[in-house]
Amino acid sequence: MRTVDWHEGGVRLIDQRLLPNRLERPVFHDYAAVAQAITEMVVRGAPAIGATAAFGLALAGFQSQATDRLALLRDLEAAAALLRSARPTAVNLSWALNRLMRVAASEALETPDGVRQALLAEAQRLADEDVALNRRMGYNGAALVKDGDTILHHCNTGALATVDFGTALGVVFAVHEQGKRVHVLVDETRPRLQGARLTAWELAQKGISYELIADNAAGFFLQRGEVDLCLVGADRVAANGDVANKIGTYPLAVVAHENSVPFYCVAPTSTVDLALAEGALIPIEQRDPGEVLGLQFAGENVAPAGARARNPAFDVTPHRYLTAIVTENGVVRPPFLESLASVVRGAR
Ligand code: MRU
């Protein structure tokens, strides 16, 4: 089952807010609702929101009443702007939209219907490619993992965060397919609990050994030598190898480094933004403080009435804390400025 697909003239998603308790697959017939679904994290994970935006733009093409090509292009520009603004950090969103807009602008497509069909075909191609390259990336990363290893993982980077198979968790799935036995320590990932809800669900479905840990327990296990390697994904990788990923990744990388535990980022080349020199330039999404304040204990809110909160959704891990970055085109090591550029240019 894919996280996102084209179904009966609309964009079908898995509503990830309801997992693991309920599996629902709403179909969206309005591109503005697709943008809202990205913002509200019905769908989340960098490659998954890229593919969703691509299908959303194809949907916008079919929604447009335009009868000539230029009018359709104007409608598509407006739809792309809305979809692009749905979440700021994952570069896959604008990467996917730029790719589709290039197709839409092709002079070879003479009629509006030709553009509409070409957009849907491109979105489908992008989604199919995502699955294929994730498998390749997973097997590239699997070479770094030994039988019996314990892996520390943050957030959710599995099939749900992509069209299928996953990035960092895809490495775990590839390792499992190879018959190596591994154990995964799963960070809960406050405040939206992608680890506790989604990663735990995916690992359980595949019968892979795991234990949930509170985010603030990670240092304990790293210090005691109980972790062989850390695997995380990325929402955007700057040209120098700095990585924006789910909030809490940075402290994990620092403590892994302090304890000489290898720290790997697993991300497709579509997540690499060579236009940004360093991580400090990556836009960081600030989400509703209510996501932090909504924590309940014994049926009551934990925070006192009137408490204020801050809720950055991502942090930036400086490249010096990364052992390597695993991509679909190979495993790149420092100095990332050269190695990343060559692996990205190779992909394009
Ligand atoms: O806020 P989310 O759940 O969209 O954040 C997801 C992550 O941070 C993932 O680690 C990242 O998108 C890479 S997953 C393929």
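## Two sheets, a buried residue and a surface patch

Student: In what order do the strands of the open sheet of 3 strands lie, and with what pairing?
Tutor: Good place to start, and keep in mind that this is a predicted model. Strands of a sheet pair through backbone hydrogen bonds, either parallel or antiparallel. In this open sheet of 3 strands the pairing is antiparallel, and the order is 1-2-3.

Student: Which strands are the edge strands of that sheet?
Tutor: Look for strands that pair on one side only. That fits strand 1 (4-7) and strand 3 (27-28), so the edge strands are strand 1 and strand 3.

Student: Which helix packs on this sheet, and what angle does its direction make with that of strand 1?
Tutor: Helix 2 (residues 46-63) is the one, and it touches strand 1, strand 2 and strand 3. Compared with the direction of strand 1, the direction of helix 2 makes an angle of about 20 degrees.

Student: Which residue of strand 3 stands opposite V11?
Tutor: Strand 2 (residues 10-13) and strand 3 run antiparallel and are joined by 2 bridges. Opposite V11, in strand 3, you will find F28.

Student: In the open sheet of 4 strands, what is the strand order?
Tutor: Here the pairing is mixed. The edge strands, each pairing on one side only, are strand 11 (272-273) and strand 14 (314-317). Reading across the sheet, the order is 11-8-9-14.

Student: What is the bridge partner of V243 in strand 14?
Tutor: Strand 9 (residues 243-246) runs antiparallel to strand 14, and 4 bridges join the two. For V243, the bridge partner in strand 14 is T317.

Student: Which helix touches strand 9 and strand 14?
Tutor: Look for a helix that packs on this sheet, with a direction about 30 degrees from that of strand 14. It covers residues 249-258, and its name is helix 9.

Student: Is N134 buried or exposed?
Tutor: You can find N134 in helix 5 (residues 112-142). Beyond its neighbours within four places in sequence, N134 is in contact with T162, D164, F165, G166 and T167. Buried means under 20% relative accessible area. N134 has a value of 0%, so N134 is buried.

Student: And F297, is that residue buried or exposed?
Tutor: F297 sits in strand 12 (residues 296-297). The cut-off for exposed is over 50% relative accessible area. With 65%, F297 passes it, and therefore F297 is exposed.

Student: Which residues form the nonpolar patch on the surface?
Tutor: F297, which we just met, is one of them. Together the members have about 310 Å² of accessible area, and they are L295, F297 and V302.

Definitions and conventions: Residues are numbered from 1 along each chain as its sequence is written. This is a predicted model: local features need pLDDT of at least 70, side-chain atom pairs count only at pLDDT 80 or more; totals for chains, interfaces and linings use all residues. Side-chain values use heavy atoms; hydrogens and water are left out. Patches are made of residues with over 30% relative accessible area and no salt bridge: like charges are joined within 9 Å, nonpolar side chains (Val, Leu, Ile, Met, Phe, Trp, Tyr) within 5 Å. Accessible areas come from the Shrake-Rupley method with a 1.4 Å probe; for residues, only the protein chains shown count as cover. A salt bridge is a side-chain nitrogen of Lys or Arg within 4 Å of a carboxyl oxygen of Asp or Glu. Buried means under 20% relative accessible area, exposed over 50%, partly exposed in between (1.4 Å probe, protein chains only). Contact means heavy atoms within 4.5 Å. Two strands pair if DSSP finds at least two bridges between them. Axes are lines fitted to C-alpha atoms, for helices over the stretch in contact, and angles run from 0 to 180 degrees between N-to-C directions.
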